[in-house]
Amino acid sequence: MEALEADLATIEGVDKLYAAASGRQVDALLANAGRGLGQAFLDQDFEKARRVVDTNITGTIYLIHKVGNDMRRRNTGRILIVGSIAGFIPGSFQAVYNGTKAFLNSFSFALRDELKDTKVTVSCLMPGATETEFFRRAEMMDTAVGTAEKDDPAEVANNGFDAMIKGEGDVVSGFKNKVQSAAANVTPASVLASQQSQEGRAGYRKAMMDLSLVYRPPLISGDRSHENRGAARRRRPVSSAVLSSTVVS
Ligand SMILES: NC(=O)c1ccc[n+]([C@@H]2O[C@H](COP(=O)([O-])OP(=O)(O)OC[C@H]3O[C@@H](n4cnc5c(N)ncnc54)[C@H](OP(=O)(O)O)[C@@H]3O)[C@@H](O)[C@H]2O)c1
C-alpha cells in the first residue's frame with residue numbers, strides 16, 4: 001500500500017495520482033473524492049463554490065477519462081462513481097453541491113451505456129446523509145440535515161463496493177433513501193426545493209433551543225431512545241478513505 005497526497009480538484013493533482021500508478025493495471029476506480037458547501041448560493045464564497053465543482057465534477061471526470069481509456073483499451077475494469085440522492089433534488093442552501101451530484105448521477109448512467117459493449121462496468125453509488133466529516137467540512141453543522149442521525153458509512157461503502165463488483169448500474173443505499181429517491185421522481189422540483197430549504201437552512205440549532213424553552217417532551221420511563229441517538233452521533237465516523245480513489249492490481 002502506497003499513500004499519496006494529491007489535490008483532485010486540479011488537473012495537476014489528478015495527473016499526479018495517475019502517474020503514481022506507473023503504468024500498472026487499474027482494475028477498479030472508485031471515484032469518491034467530493035465536498036459540499038452550505039448556505040444560500042449568493043452568500044457563498046465563490047472560490048469555495050468553484051472548488052466544489054472542480055472537485056466533484058472536473059477532477060472526477062478527468063480521472064475517469066484517463067483511467068477509463070486504459071480500461072476500454074484492455075476491455076476490462078470496474079468504475080464506481082459516488083453520486084448522491086441529492087442529485088435527484090434541487091438543494092436549496094446547498095444548490096451547487098446538489099447540482100454537481102445531479103451531473104454525476106446522470107454522467108454515470110450515460111458512460112455505462114457508452115461502454116455496454118465492453119467489459120468495463122460503471123456503477124453509481126447514491127448515498128443519503130451519511131455520518132462522515134462531510135457536513136462539518138461543508139459548514140453545515142447548524143442545519144437540520146447536519147445535526148440529524150445519519151447512515152453508517154461502512155454500510156454505505158459496502159453497498160457501493162458490492163454493486164461495483166456485481167457490475168450493477170446504481171445503488172441507493174438504505175430503505176429510507178430508496179423511498180426518498182423514488183418520491184423525488186414524481187414530486188415537482190419546486191416542492192422538492194422548498195422541502196430542502198427546511199433541511200439545509202442554517203440557524204437550526206438556535207431554532208431548536210428556542211423551541212426547547214417552551215416545550216420539553218416528557219421522558220417515558222424505560223425509553224432509552226434518546227441515549228441511543230446520542231451514542232449514534234458519538235460513533236466515530238469511518239474515514240471515507242474506505243472509498244479511496246483508485247485500486248491498482
Ligand atoms: N456524507 C454524506 O452524507 C454523503 C451523501 C451522499 C454522497 N456523499 C459523497 O460521498 C463522497 C465522500 O464524502 P464523505 O461523506 O466521506 O465526506 P468526507 O468525510 O468529507 O470525505 C471526503 C473525501 O474526499 C476527499 N477529498 C475531498 N476533496 C478532495 C480533493 N480536492 N483532493 C483529494 N481528495 C479530496 C477527502 O480527502 P481528505 O480527507 O484527504 O481531505 C475525503 O477522503 C463525496 O463524493 C460526497 O459527495 C456523501
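These are my notebook entries on one chain, taken element by element.

**Entry 1: ground rules**

I began with the fact that this is a predicted model, in which local features need pLDDT of at least 70, side-chain atom pairs count only at pLDDT 80 or more, and totals for chains, interfaces and linings use all residues. Residues are numbered from 1 along each chain as its sequence is written.

**Entry 2: the chain as a whole**

I looked up the confidence next, given as pLDDT (the predictor's confidence in each residue, from 0 to 100). The chain averages a pLDDT of 86, and 82% of the residues score at least 70. I marked residues 213-245 for caution, since pLDDT stays under 50 there. For that stretch the model has 27 contacts beyond four places in sequence; a contact here is a pair of residues whose C-beta atoms, placed from the backbone, lie within 7 Å.

I then listed the elements: 10 helices and 5 strands. Helices (H or I, at least four residues) and strands (E, at least two) are DSSP runs, numbered from the N terminus. Of the 249 residues in the chain, 36% are buried. My notes call a residue buried if 20 or more other C-beta atoms lie within 10 Å of its own, exposed if 12 or fewer, and partly exposed in between, with C-beta atoms placed from the backbone. Among contacts between residues at least 6 apart in sequence, 74% join residues at least 24 apart.

**Entry 3: helix α2**

Helix α2 covers residues 46-74. I checked its length: 29 residues at 1.5 Å each should span 42 Å, and the end C-alpha atoms are 41 Å apart, which agrees. The expected span is 1.5 Å times one less than the number of residues.

Where is the kink in α2 centred? I found it at Asp 54, with an angle of about 40°; the bend at a residue is the angle between axes fitted to the seven residues ending there and the seven starting there. Asp 54 is also among the buried residues of α2, which include Val 52, Leu 63, Ile 64, Val 67 and Met 71.

I picked Ala 49 in the same helix. Ala 49 is partly exposed because it has 16 C-beta neighbours inside 10 Å. Leaving aside neighbours within four places in sequence, Ala 49 is in contact with Leu 37, Gln 44 and Val 96.

Further along α2 I stopped at Arg 73. Arg 73 counts as exposed because it has 11 C-beta neighbours inside 10 Å. Its C-alpha atom is 9.8 Å from that of Val 120, although the two are 47 residues apart along the chain.

**Entry 4: two unusual phi angles**

Most residues other than glycine have a negative phi. Just after α2, though, Asn 75 takes a positive phi of about 60°. Asn 75 lies in the loop between α2 and β2, and is exposed because 11 other C-beta atoms lie within 10 Å.

I found a second case in Glu 139, which is not a glycine and has a positive phi of about 60°. Glu 139 sits in the loop between α4 (134-137) and α5 (144-147). With 17 C-beta neighbours inside 10 Å, Glu 139 is partly exposed.

**Entry 5: strand β2 and its partners**

Is β2 enclosed or open? I noted that 6 of its 6 residues are buried, so β2 is largely enclosed by the rest of the structure. Gly 77, Ile 79 and Ile 81 point one way, while Arg 78, Leu 80 and Val 82 point the other.

Strand β1 (residues 26-31) pairs with β2 in the parallel sense over 4 bridges; two strands pair if DSSP finds at least two bridges between them. Leu 30 has Leu 80 in β2 as its bridge partner. The chain goes from β1 through α2 to β2 in a right-handed β-α-β crossover. Right-handed means that, with the strands pointing away from the viewer, the path from the first strand over the helix to the second runs clockwise.

On to β3: 6 bridges join β2 to β3, and the two run parallel. Arg 78 stands opposite Thr 121 in β3. The crossover from β2 through α3 to β3 is also right-handed.

**Entry 6: helix α3**

My last stop was α3 (residues 95-114), whose 20 residues should span 28 Å; the end C-alpha atoms are 29 Å apart, which agrees. Its buried residues include Val 96, Tyr 97, Leu 104 and Arg 112. What covers the buried residues of α3 includes α2, β2 (77-82) and β3 (120-126).

Conventions:
Contact = placed C-beta atoms within 7 Å.
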